[in-house]
Amino acid sequence: MIDIETLKEYIKVLEDCSLAEIEISDEEDSIRLAKPSADAPVVALSAQGAPAQAASAPQAAAPAVSGKTIKSPMVGVFYAASAPDRPPFVSVGSAVNKGDVVCIIEAMKIMNEITADESGTITEILVENGDVVEYDQPLFKIG
């Protein structure tokens, strides 16, 4: 199990270097830490902390989204509803007020409710349920 002090050290390493993300795993656990960066290399670490592999992060450029958007505040998995058998929080044409929950992003097994930062109408949903989203990635267009 990765203890909190070791995790803090990995976070500090990530903050202090030009890496975009690090992935650490051992026999029991695996954790991936990421920060927003365009062209930083990605390194996976073994349980002993040695680089297991290094590669430049091949990332397709996200299409530019103009107008008002609701963006992801974190890296994680996008969920449109609170449970698979529940209706989505919003759909195209839904009116939202500032502070309304529009989706959930799961990060490190924690479900984070994402809220609208302004009032308006959802004009487009830019991601699919279950997609992995990046920090600051547009999720919804709002008009």
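A good place to start in this predicted model is its largest nonpolar core, which has 15 residues. Those with the most contacts inside this core are Ile70, Phe78, Val96, Val102, Cys103, Leu139 and Phe140. Two elements, β8 and β12, give two or more residues to it. Apart from this core lies another, of 7 residues, with Leu14, Ile24, Ile31 and Leu33 among them.

Let us look at one member of the largest core. Cysteine 103 touches Phe78, Tyr79, Phe89, Asn112, Glu113, Ile114, Leu139 and Phe140, leaving aside residues up to four places away in sequence. Two of these names, Leu139 and Phe140, also appear among the core residues with the most contacts.

Now follow the strands. One open sheet is built from 4 strands in the order β5-β12-β10-β7, with antiparallel pairing. Here β5 (69-71) and β7 (95-96) stand at the edges; each has a single partner strand, so one side of each is left without a neighbour in the sheet.

Strand β12 covers residues 138-142 and pairs with β5 in the antiparallel sense over 3 bridges. Strand β10, residues 120-125, also pairs with β12 in the antiparallel sense, over 3 bridges. Phenylalanine 140 of β12 is a handy landmark here: isoleucine 70 stands opposite it, and it is the bridge partner of isoleucine 125. How enclosed is β12 by the rest of the structure? Of its 5 residues, 4 are buried, so β12 is largely enclosed.

On the edge strand β5 you will find threonine 69. Is this threonine 69 buried or exposed? Its relative accessibility is 12%, and because buried means under 20%, threonine 69 counts as buried. Beyond four places in sequence, threonine 69 touches Asp117, Pro138, Phe140, Lys141 and Ile142.

A second open sheet also deserves a look. It has 4 strands in the order β9-β8-β6-β11, and the pairing is antiparallel. Its edge strands are β9 (110-115) and β11 (132-133), each of which pairs on one side only. Strand β8, residues 101-107, pairs with β9 in the antiparallel sense over 6 bridges. Within that pairing, valine 101 stands opposite threonine 115 in β9.

Next comes helix α1, which runs over residues 4-16. At 1.5 Å a residue, its 13 residues should span 18 Å, and the end C-alpha atoms are 18 Å apart, which agrees. The buried residues of α1 are Leu7, Tyr10 and Leu14. Why do these residues line one face of the helix? Seen down the axis, they fall within an arc of 60°, so they share one face. There is a general pattern behind this: an α-helix has 3.6 residues a turn, so residues three or four places apart point the same way. The face of α1 turned away from the buried side carries the exposed residues Glu9, Glu15 and Asp16. Leu14, one of the buried residues of α1, belongs to the core of 7 residues.

Finally, a word on confidence. The chain has a mean pLDDT of 79, and 73% of its residues reach 70 or more. Among the elements of the chain, β10 has the highest mean pLDDT (96), while strand β4, residues 51-56, has the lowest (46). Over residues 52-61 pLDDT stays under 50, and for this stretch the model has 15 contacts beyond four places in sequence.

Note on methods
Residues numbered from 1 in each chain as written. Predicted model: local features only at pLDDT ≥ 70, side-chain atom pairs only at ≥ 80, totals over all residues. Heavy atoms only, no water. Pairing = 2+ DSSP bridges. Buried < 20%, exposed > 50% of the residue type's maximum accessible area, 1.4 Å probe, protein only. Contact = heavy atoms within 4.5 Å. pLDDT = per-residue confidence, 0-100. Core = buried A, V, L, I, M, F, W, Y, C linked by side-chain atoms within 4.5 Å. Expected span 1.5 Å × (residues − 1). Arc of directions from axis to C-beta.
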